[in-house]
Protein chains: 2
Amino acid sequence: MSSSETFQKAARRAPASDGSLIIPEPQPAPPEREAESLDVWGFRDTHFDVSENGHVIIRGNRYELSGKELPRFLPWVREVLEVNLDPREIHAPRYPTAIAEPTLSSELNDALRGFLSTGQIDTNGETRMRHGHGHTQEEMYAIKYTQLGRVPDVVVYPESEEQVAKLVETAKAHNATLVPYGGGTNVTDALRCFPNERRSIISVDMRRMNRILWIDRQNMLACIQAGAVGRHIMAELRKYGVTMGHEPDSVEFSTLGGWIATNASGMKKNKYGNIEDLVLDVNVATAAGTLERSSCSPRESVGMDLRRLIFGSEGTLGIVTSAIVKIFPLPEAQEYGSVLFPSFEAGFKFMYELTREATPPASVRLVDNLQFQFGLALKPKSGGLGKLKSRIERFFVTRVKGFQPDKMVACTLVFEGTREEVQEQQKAVYRIAIRHGGMKAGSENGRRGYQLTYSIAYIRDFLMNYYIIAESFETSVSWSDALALCDNVKRRLQKEYSDRNLPGKPFVTARVTQVYRTGVCIYFYFGFYYKGISNPQEIYLELENAARDEILNSGGSLSHHHGVGKLRRAFLPRIMSPTALQWKRDLKKTLDPGNLFGAGNQDLDIR
Amino acid sequence: MSSSETFQKAARRAPASDGSLIIPEPQPAPPEREAESLDVWGFRDTHFDVSENGHVIIRGNRYELSGKELPRFLPWVREVLEVNLDPREIHAPRYPTAIAEPTLSSELNDALRGFLSTGQIDTNGETRMRHGHGHTQEEMYAIKYTQLGRVPDVVVYPESEEQVAKLVETAKAHNATLVPYGGGTNVTDALRCFPNERRSIISVDMRRMNRILWIDRQNMLACIQAGAVGRHIMAELRKYGVTMGHEPDSVEFSTLGGWIATNASGMKKNKYGNIEDLVLDVNVATAAGTLERSSCSPRESVGMDLRRLIFGSEGTLGIVTSAIVKIFPLPEAQEYGSVLFPSFEAGFKFMYELTREATPPASVRLVDNLQFQFGLALKPKSGGLGKLKSRIERFFVTRVKGFQPDKMVACTLVFEGTREEVQEQQKAVYRIAIRHGGMKAGSENGRRGYQLTYSIAYIRDFLMNYYIIAESFETSVSWSDALALCDNVKRRLQKEYSDRNLPGKPFVTARVTQVYRTGVCIYFYFGFYYKGISNPQEIYLELENAARDEILNSGGSLSHHHGVGKLRRAFLPRIMSPTALQWKRDLKKTLDPGNLFGAGNQDLDIR
């Protein structure tokens, strides 16, 4: 019977002259200006610094704030942390700290060289170290001041599905373990190696598998290799008038494969959906072969969907090699907006009503008062008219409207769609905002708030040079529990901090970064001044764990979009029933009996 | 550390006097008028019949068409099938055909009676038979004319999660197998028992676990037991001004648990989403214990989401006992609509543009010409003004607009939302429709088309009495492949039919029932006259398999929302890579090593 014919991939339609099916050219090698730092976040051309005037400044010319002095920043930090931060007292990084020699047998080395070129294999110490961490504060502290410990023994750069499959075979044959590497932007210790891993650790860097294989404008789908970086996907799709719409904060560096493995969320998910909404199909290299489907349908009911297991698998089940994703026409209109509210509660209420009465715009975010001040402290020096305007504005907000500087908050908005849709949404949003005491604060402040996301990511590494350790963590929670959760977490961190007699005051701030009809994502920043403390990274972790305990007690989730990795795995037994945990372990044991994919996230380091 | 505290369910908020959290009363026992037939589809008070005038009539008074004669129907059937159907020639059903005696050891019987009351255990033959099938044509043919074979040995009606857990333990201890039963509406042989199953088969009928446990209007969530039937969920939620919005064609009879296990799709998914979009959390009784989570968040990234495996699991991994689902305010406005198009292609083009330029209304469906005629043939006799109006309408459509009766098609629409949203959508929809040659055909025709869904489900069993066998099957497919797929399937079925020298002509018709940005769901009806043929059910299956072969060759999926069951399992190797199939088998073997949940769907009858 025809039903028993064997599996084969359906043939793709041919590229069409009307542009409905396009096969883009491969990406050229990235230019020098896109080089990334090994020791800190981001592009090599950008970093925070202290200017000759003693002001904080962002070097380079990549971002809007680049090259501008931020004179308010240091005074504000001193005020908030209640410490006497002196920019001449530097906690000088000793990067690269100790890097272990690679454990790589000549047999394994020969086997790799059997199908990879010399340029596809790297045993350089700094490269290996970079592939053994993401961007948690402990990891960044370790590579600068202590040591990271075990790191991958070799980094390989496969260029095809076939080479990935060969890596699987080779690792099996030589008792090595494979750890997929996308953009290295995780904040969950997901890439961190186990000290007692005795096998050779092969880091599989997917960056050369970065092609957009096809763009189907009739069905609005694209097939993209997993190593493609967010900014490249955006730029490449833009050439053809389309977008994937997925913009996590890390979009400059993170990859499609990483998004899937982490179950990522994009800033514009209200319009485009989260990664699980955007991906229709995945190809995965597993210990047992390739997980794939013959064709890709809009929606199906064909039994248990194994592909769904790959979302959030964090490298423990296999390597995503490509995915078919939804695409959208580039929005006809894009508008930023911002609204000031007299209090976090008022802004929160506005967001709630927004999800009830209207279609929320592509992005809507609400910062608390401290984070609002943080944003102001990052405003460049303005003179002349700019200064006057800013003073008048402040006068109006605080005197005329009666907003209190230590209570007021800001909401930033991004609208995307047709001109008509955007206009309709703006009308609805501002109508609801004003009903909740909001005051329109202009598109420029909105745009600035949104763009700040990218440059702000560089600040943590800068501050560490001055004895400040900080990081973010997030949760998702129902509307009814959200405000109490914010309060509880802030109170708990302040108490734990003062209980330990640590210097000054901690910095704890929250923002609502995503809204759902059923709840929100809350994103916290937490940091403190650590001069005189020998193990700030350990204290930070202790405190973050206390915050997580408080989050779970307050009805929040273990993570909205960062994932579990190794950082949060101890909390899993609190959120999943013993049966659920057992299922996960059994499943890992069954699908990867040799623990070939030994990243060990989610407590899945099973052998 | 606090992270290692053990698992416990988060406490729910208390019911609130403002109605934000409600604990509804348990459902009363269903009244007699809700009794369902054992031998045919639907409520006992409703069936098709032939009136004294020789016209088809629907008995009862439940539906709009009930009690009305349909004089055009039989002549139309004769014309389409090109057969001399005589309503006096009856293929009299011999229901109930042979029912095997139950295999139930006294030990197992005693064990069940140890924790279930007498009223919770049923070994009646007809009850057992009903629990051994769904509504495929072969199953319905079998219970009327041949025999169904192996059926469950006992039907139990658990009333709590604890009782379900005890059933798991009891089945394990006594080497029995458990098959969950929801509404029994599947069309995939999902409930059919293996002839060689030597263990006692316990059918676990979930109908008494039908409570809405809580309704949270602040976060717009409800926790509902899995045995709750769609129409009850709708009615109960409506009392509190909310809806789940999930309305599969079977909503009168199918259950929440069944929807999840089948990965169901609702007619209004454009507004409310499919079942996987609606369900935030599930509790599942598995062979290893209860799969559950401590709390429910709007969206998470906490590793592999095992709960997602339950969607489409078709009873093979465990029994869904409850779920937390999204709810929505009852729409302020609901409007039906319909549009006539000169051809299926024109209507299809309209639907495509609709997904590009507008937000599609809650439901939009397009029938082909034959199905349009089918709808007309089901119009009750109208006299006087109604008749005149109908004649004038027909004149206008065919003479003035020039639509050809054998080419024209109809699109039915359901708009739901605020009054403003509905108005906006209507404007957009009709603007696009008219651009594609569409002609507004009124809300009455739309409402009728939509309501027909429920009464039409009774017709198949009626026709079988007159030697007509028929069924539906569906697929999902990209926009670019959809029209060719429809043509290919129709042509293939016609060819296979004539190759076999079967009587008259087959009835093959298609409709587009769901739209996505990336493609559509296409729903086929296929039937034929079988007088003089001894094995029509086998021929039907052969032909449906040929159609499925054609669907897969044309880029369609194995199923959009019906599932795989046993009916389509032979096709799985064509759509999934060997690794994917192996993963499924390994996973089943690991999570249910004794095949305690022995429904055996998707080829998962592994021991």
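## Exercises on a two-chain predicted model

Chain A and chain B bury about 7500 Å² between them, with 58% of that on carbon and sulfur atoms; buried area is the accessible area (1.4 Å probe) that two parts lose on being put together, summed over both. You're working with a predicted model, where local features need pLDDT of at least 70, side-chain atom pairs count only at pLDDT 80 or more, and totals for chains, interfaces and linings use all residues. Residues are numbered from 1 along each chain as its sequence is written, chains are lettered from A and ligands numbered from 1 in the order in which they are written, and side-chain values use heavy atoms, leaving out hydrogens and water.

**Exercise 1. Describe how the two chains meet.**

Step 1: Start with the contacts (heavy atoms within 4.5 Å). Here 95 residues of chain A touch 95 residues of chain B. A:Arg299, A:Met304 and A:Trp583 supply 14% of the area that chain A buries against chain B, more than any other three residues.

Step 2: Look for charged pairs. A salt bridge is a side-chain nitrogen of Lys or Arg within 4 Å of a carboxyl oxygen of Asp or Glu, and there are 2 between chain A and chain B. In one of them, A:Glu276 meets B:Arg299 at 2.6 Å, N to O.

Step 3: Sort the residues on the side of chain A that touches chain B. They split into 39 nonpolar, 40 polar and 16 charged. For this sorting, Ala, Val, Leu, Ile, Met, Phe, Trp, Tyr, Cys and Pro count as nonpolar, Asp, Glu, Lys and Arg as charged, and the others, Gly among them, as polar.

**Exercise 2. Work out how the two copies are related.**

Step 1: Superpose them by least squares on the C-alpha atoms of residues with pLDDT of at least 70 in both. Chain A can be laid on chain B with an RMSD of 0.0 Å, using a turn of 180 degrees and a shift of 0.0 Å along the axis.

Step 2: Read off the symmetry. The two copies are therefore related as by a two-fold rotation axis.

Step 3: Check the surfaces. The copies meet through the same surface, because 100% of the interface residues of chain A are also interface residues in chain B.

**Exercise 3. Trace the 7-strand sheet of chain A.**

Step 1: Get the terms straight. Helices (H or I, at least four residues) and strands (E, at least two) are DSSP runs, numbered from the N terminus; two strands pair if DSSP finds at least two bridges between them.

Step 2: Write down the order. The 7 strands of this open sheet in chain A run 19-16-18-17-21-22-20, with antiparallel pairing. Strand 19 (439-440) and strand 20 (468-478) of chain A stand at the edges with a single partner strand each, so one side of each has no neighbour in the sheet.

Step 3: Zoom in on one pair. Strand 21 (residues 507-516) and strand 22 (residues 519-529) of chain A are antiparallel and joined by 9 bridges. Within this pair, A:Arg511 stands opposite A:Tyr523 in strand 22 of chain A.

**Exercise 4. Find a cis peptide bond and a positive phi in chain A.**

Step 1: Recall the background. Most residues other than glycine have a negative phi, and most peptide bonds are trans.

Step 2: Spot the cis bond. It goes from A:Tyr95 to A:Pro96, with omega near -10 degrees. A:Pro96 sits in the loop between helix 1 (73-81) and helix 2 (106-113) of chain A.

Step 3: Spot the positive phi. A:Asn263 has phi near 60 degrees, and A:Asn263 is in the loop between helix 7 and helix 8 of chain A.
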